[in-house]
Amino acid sequence: MDVRLANTWRLTLNEKNFIKSALLTEIRIDGRKPFEFRNIIISLGREDGSAEVQLGQTRIMSIVTAKFVQPYRDRPNEGTLSIYTEFSPMADPSFEAGRPGESAVELGRIVDRGLRESRAVDTESLCIVAGKLAWAIRIDIHILDNGGNLIDAANMAALAALMTFRRPECSLGGEDGQEVIVHPLEMRDPVPLIIHHLPIAITFGFFDESLMVIDPTHNEEAVMAGRMIATVNANGDICAIQKAGGEGVSQRVIMQCLQLATTKAADITKQIKSVVEAYNKESALQKINREPTCVGTNVKEGQDQTLDNKGITELVGKYMERLKLISGESYLSQNINDDFETKSLGRGTDSHGIKFNSTPLSWDPYSKGVDPEFLKASVASQGLSSANEEKEWRGEEKPSEAERPGTYEDVNPKSSAVDAPRIEMQMIGPKKLKDAVKPKNKRKKKASSVI
Amino acid sequence: MEIKQSSSPTSFIDSTVVPGDVVLDLSSMTNQTIKLGGGLRQDCDAISAMKAGTLRFSKPNKYWIESSQKRYVPCVEDTVLGIVVDSKADNFLIDIKGPALAFLPVLAFEGGTRRNIPKFEVGTLLYLRVVKANFGMNPELSCTDASGKAAEFGPLKDGYMFETSTGLSRKLLSSPTCPVLEALGKKLSFEIAVGLNGRVWVNAASPDTIVVAANAIMNSESLSTAQQIIMVEHLLKNIQ
């Protein structure tokens, strides 16, 4: 007990009285005005997703990580965002190691509420397979030194870390289209989180006799009678307000606080954004610098490298192929959907078309998704052997007349034959919105066939 | 041989020592009595350092190690600023930033008897002197000087107390007056009490004088003499 008594930090009566009496003349012990923030220094770590914020004496580090989890039952297509706080006894002797204390829980909850309730982070974009797999974002907040106003600093650190965080890109692949491919960072640039706005927490400390300060220090926190934390963003939206017990606050004062908070939030947002921008620029530069050297070593050491290197280059090769295919495929499907006529024209004249046709179906799982439309297109082209249609078509597109049948067989020789019944189903089945706005020629076609 | 031995202790004085350094050899100075201060210990004939810092020597026979740290290690005859934590029947419990709470006997005041025991509220700031600092025991304090007079010891009223490192508080007490205090003293009038345990109390007529003085002192820790003077001038210009 004696040791604990000796280790607790305590305030003298002199300090308590001085803080209060000086505030009456609008002076604070560190020379600030009542509505002035301390100097904020935001430094970003060498790795993505880590930030350190210094707010006067206060120092807070925050690290963002991500992993795969199964999404919650009630929100099958959303990733998760969770916040963990660590109050080390090194920061303040009154923090106990182990179980998080009351203030640690409160801090975590306030930061969490600001981010979650205002939907600042787009959790839906974190979903990979609905109901099965999603990213879980974890924010770890470490208090390195307690100089007061931990909440604001922690909130800033969390935001800065979130803004620089990059997660590896994922896509679905494999034979059944359910296999998740996590692309290594070297292959595809990792993607940043989607952050709609920055909710900034601003702490107000209230002393008796209706004195108010912004960004209280450690000493002021020990003296003040109550506090309120307003989480607002630069647009002036109020994301959260926390007012625990203590001094009562009148409505007028709250409105004043919110106004002040909005202006401060704008300043802080600007600062965070400028720091993050500088960081992004630098990392982009580094990437540019790194790439040539990488290629150089590959070329130089290509022969005397071991299997590993070969494996990598093979991988890269495959990967590049895959990329090409994807782009080709998407190009193809897009063409079919949007602009049937021009495509067929192009096909007829261009040898590229054939190259695209042969590969995607046999390879890509996505083509299954594309199939119906794809088939519709092919059906339309074959016209279900309607002479009327053929005539129409011929009238419209003269140049590709001769080649057309051939090209369409190329598009999907197998599927058109096998899936014939399905195609009909599709045609009979309920029309989609897309069908309603099909190109003119198609509409004409139908009209003519009815006639 | 003899020259070498006598020169070895002087070579360590005012230089940096680390724990384990043997700084003095008693076998070569048998006819002397020496006094050891903080950070030194005796193993038979060898005096070795227990902490990193600068070895200091004051004539005629005092040796100690100076270092700058946040935690204070009590040492006899240091003047410190303490905060009253609790009061018991025989002792006040005082926080002096040390590893353990210090005891202030209720009778350790000028003319202290059982009848006139002072009453201190928890959180009162006191200017005190360390009387005993032994291993394994709580240090003992006193509110009188060695001759039993009150001197300047006792409770400090009003003003503002802030914490610094022990190194800075030692600098503030050094004998050619510390440049910050000198520069501040030319323009402002204020009272100051410095404890060797890294606590400084400042009092003045107006709160802004206290704030300026306190911040100037806190900022001066890592600055050179010229920088300190410039900093103080800059601060004073801002206030006027």
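I count two residues as in contact when they have heavy atoms within 4.5 Å. The model I am reading is predicted.

**Entry: B:Asn91**

I looked up B:Asn91 and found this residue in strand S9 of chain B, which covers residues 91-95. Which residues does B:Asn91 contact once neighbours within four places in sequence are left aside? I get B:Phe103, B:Leu104, B:Pro105 and B:Val106. For one of them, B:Val106, I also took the C-alpha to C-alpha distance to B:Asn91, which is 5.2 Å across 15 residues of sequence.

**Entry: chain B overall**

I noted 5 helices and 16 strands for chain B. The chain has 240 residues, and 43% of them count as buried. I then took the contacts in chain B with a separation of 6 or more; residues 24 or more positions apart account for 61% of these.

**Entry: a sheet in chain B**

I traced an open sheet of 3 strands in chain B, in the order S14-S16-S15, with antiparallel pairing. Which strands are at the edges? They are S14 (160-163) and S15 (191-195) of chain B, each paired on one side only. With direction ignored, I read an average turn of 15° between neighbouring strands of this sheet.

I went through one pairing in detail. S15 of chain B and S16 of chain B, residues 199-203, are joined in the antiparallel sense over 5 bridges. On the S16 side, B:Arg199 is the bridge partner of B:Gly195. For background, strands of a sheet pair through backbone hydrogen bonds, either parallel or antiparallel.

**Entry: nonpolar cores**

I looked for the largest nonpolar core and found 66 residues in it. The members touching the most other members are A:Leu115, A:Ile139, A:Ile141, A:Leu162, A:Phe204 and A:Ile272. Which element gives this core its largest share? Helix H4 of chain A, residues 150-164, does, with 12 residues.

I also listed the contacts of A:Leu115, again without neighbours within four places in sequence. They are A:Leu81, A:Ile83, A:Ala120, A:Val121, A:Ile139, A:Leu159, A:Leu162 and A:Pro199. A second core, separate from this one, has 36 residues, among them B:Phe162, B:Val194, B:Val200 and B:Ile210. As a general point, nonpolar side chains in soluble globular proteins tend to be buried together.

**Entry: contact between chains A and B**

I put the area buried between chain A and chain B at about 1800 Å², with 60% of it on carbon and sulfur atoms. In chain A, the residues that lose the most area to chain B are A:Arg10, A:Asn14 and A:Phe18, which together make up 31% of what that side buries. The contact draws on 19 residues of chain A and 25 residues of chain B.

How many salt bridges run between chain A and chain B? I count 1. A:Arg10 and B:Asp95 form a salt bridge with their closest N and O atoms 3.3 Å apart. I followed this pair further and found a network of salt bridges linking A:Arg10, B:Asp95, B:Lys97, B:Glu163 and B:Arg199.

**Entry: other salt bridges**

A search of the whole structure gave me 21 salt bridges over all chains. In general, side chains of opposite charge can pair when their charged atoms come close.

I checked A:Arg116 and A:Asp112, whose side chains meet in a salt bridge at 2.8 Å, N to O. The two are separated by about one helical turn, because they lie 4 residues apart in helix H3 of chain A, residues 102-117. Is A:Asp112 buried or exposed? A:Asp112 has a relative accessible area of 16%, so I list this residue as buried. A:Arg116, at 38% relative accessibility, is partly exposed.

Next I took B:Asp14 and B:Arg56, which form a salt bridge with the closest N and O atoms 2.8 Å apart. The pair links distant parts of the chain, 42 residues apart: B:Asp14 is in the loop between helix H1 (2-12) and strand S1 (16-17) of chain B, and B:Arg56 is in strand S6 (residues 53-58) of chain B. B:Arg56 is partly exposed, at 27% relative accessibility.

Last, I looked at B:Asp43 and B:Arg41, a salt bridge with the closest N and O atoms 3.6 Å apart. B:Asp43 is partly exposed at 36% relative accessible area, and B:Arg41 is partly exposed at 41% relative accessibility.

Terms used
Residues are numbered from 1 along each chain as its sequence is written. Chains are lettered from A and ligands numbered from 1 in the order in which they are written. This is a predicted model: local features need pLDDT of at least 70, side-chain atom pairs count only at pLDDT 80 or more; totals for chains, interfaces and linings use all residues. Side-chain values use heavy atoms; hydrogens and water are left out. A nonpolar core is a set of buried Ala, Val, Leu, Ile, Met, Phe, Trp, Tyr and Cys residues joined through side-chain atoms within 4.5 Å. Buried means under 20% relative accessible area, exposed over 50%, partly exposed in between (1.4 Å probe, protein chains only). Two strands pair if DSSP finds at least two bridges between them. Axes are lines fitted to C-alpha atoms, for helices over the stretch in contact, and angles run from 0 to 180 degrees between N-to-C directions. Buried area is the accessible area (1.4 Å probe) that two parts lose on being put together, summed over both. A salt bridge is a side-chain nitrogen of Lys or Arg within 4 Å of a carboxyl oxygen of Asp or Glu.
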